[in-house]
Amino acid sequence: MSHSDGSESADPDPENTPGLSPRGEMRQGDTPPTEGGTLDTGPRETYNPTRGWAAAPLVVIAVFCLLVAGFFIARLVLAL
């Protein structure tokens with residue numbers, strides 16, 4: 001349906017819309033038309049790290065594990 005200014009109406013004409021009954025209802029078994037997408041409705045995400053952990057936390061965890069393991073090995077050796 002065209003307006004006098006040449007633009008089309010956002011509402012489709014039920015007489016020309018495929019899948020509608022003569023009363024403008026969906027026929028049984030037909031899939032209704034989809035809604036507009038909501039992909040870009042939220043705020044733009046600018047912080048999205050692409051790499052894993054930084055080297056510093058991994059080094060700290062590794063040193064801590066070595067210290068704990070060394071403590072238990074020293075206790076075992078001193079107990080013998």
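## One helix and its aromatic pair

In this predicted model, the secondary structure of the chain comes to one helix and zero strands. The chain has 80 residues, of which 2% count as buried, and its accessible surface comes to about 8,100 Å², with 60% of that area belonging to carbon and sulfur atoms.

The helix, α1, runs over residues 55-79 and so contains 25 residues, and from its first C-alpha to its last it reaches 36 Å, which is close to the 36 Å expected at 1.5 Å a residue. Is α1 buried or largely in the open? Of its 25 residues the number buried is zero, so α1 lies largely in the open.

On the surface there is a nonpolar patch formed by Phe64, Val68, Phe71 and Phe72, and together these residues have about 430 Å² of accessible area. One of them, Phe71, is found in helix α1.

Two members of this patch can also be looked at as a pair of rings. A pair of aromatic rings is described by the distance of the centres and the angle of the planes. The count of aromatic pairs in the model comes to one, and this pair is formed by Phe71 and Phe72, whose rings lie 5.3 Å apart from centre to centre, with 70° between the planes. The pair counts as edge-to-face because its angle of 70° is over the 60 degrees set for that class.

How exposed each partner of the pair is can be read from the table.

| Residue | Relative accessible area | Class |
|---|---|---|
| Phe71 | 47% | partly exposed |
| Phe72 | 54% | exposed |

The two classes follow from a cut-off, because a residue is called exposed over 50% relative accessible area. Phe72, with 54%, is therefore exposed, whereas Phe71, with 47%, is partly exposed.

How values were computed: Residues are numbered from 1 along each chain as its sequence is written. This is a predicted model: local features need pLDDT of at least 70, side-chain atom pairs count only at pLDDT 80 or more; totals for chains, interfaces and linings use all residues. Side-chain values use heavy atoms; hydrogens and water are left out. Rings of Phe, Tyr and Trp (its six-membered ring) pair if their centres lie within 6.5 Å; planes under 30 degrees apart count as stacked, over 60 as edge-to-face and the rest as tilted. Buried means under 20% relative accessible area, exposed over 50%, partly exposed in between (1.4 Å probe, protein chains only). Helices (H or I, at least four residues) and strands (E, at least two) are DSSP runs, numbered from the N terminus. The expected span of a helix is 1.5 Å times one less than its number of residues. Patches are made of residues with over 30% relative accessible area and no salt bridge: like charges are joined within 9 Å, nonpolar side chains (Val, Leu, Ile, Met, Phe, Trp, Tyr) within 5 Å. Accessible areas come from the Shrake-Rupley method with a 1.4 Å probe; for residues, only the protein chains shown count as cover. A salt bridge is a side-chain nitrogen of Lys or Arg within 4 Å of a carboxyl oxygen of Asp or Glu.
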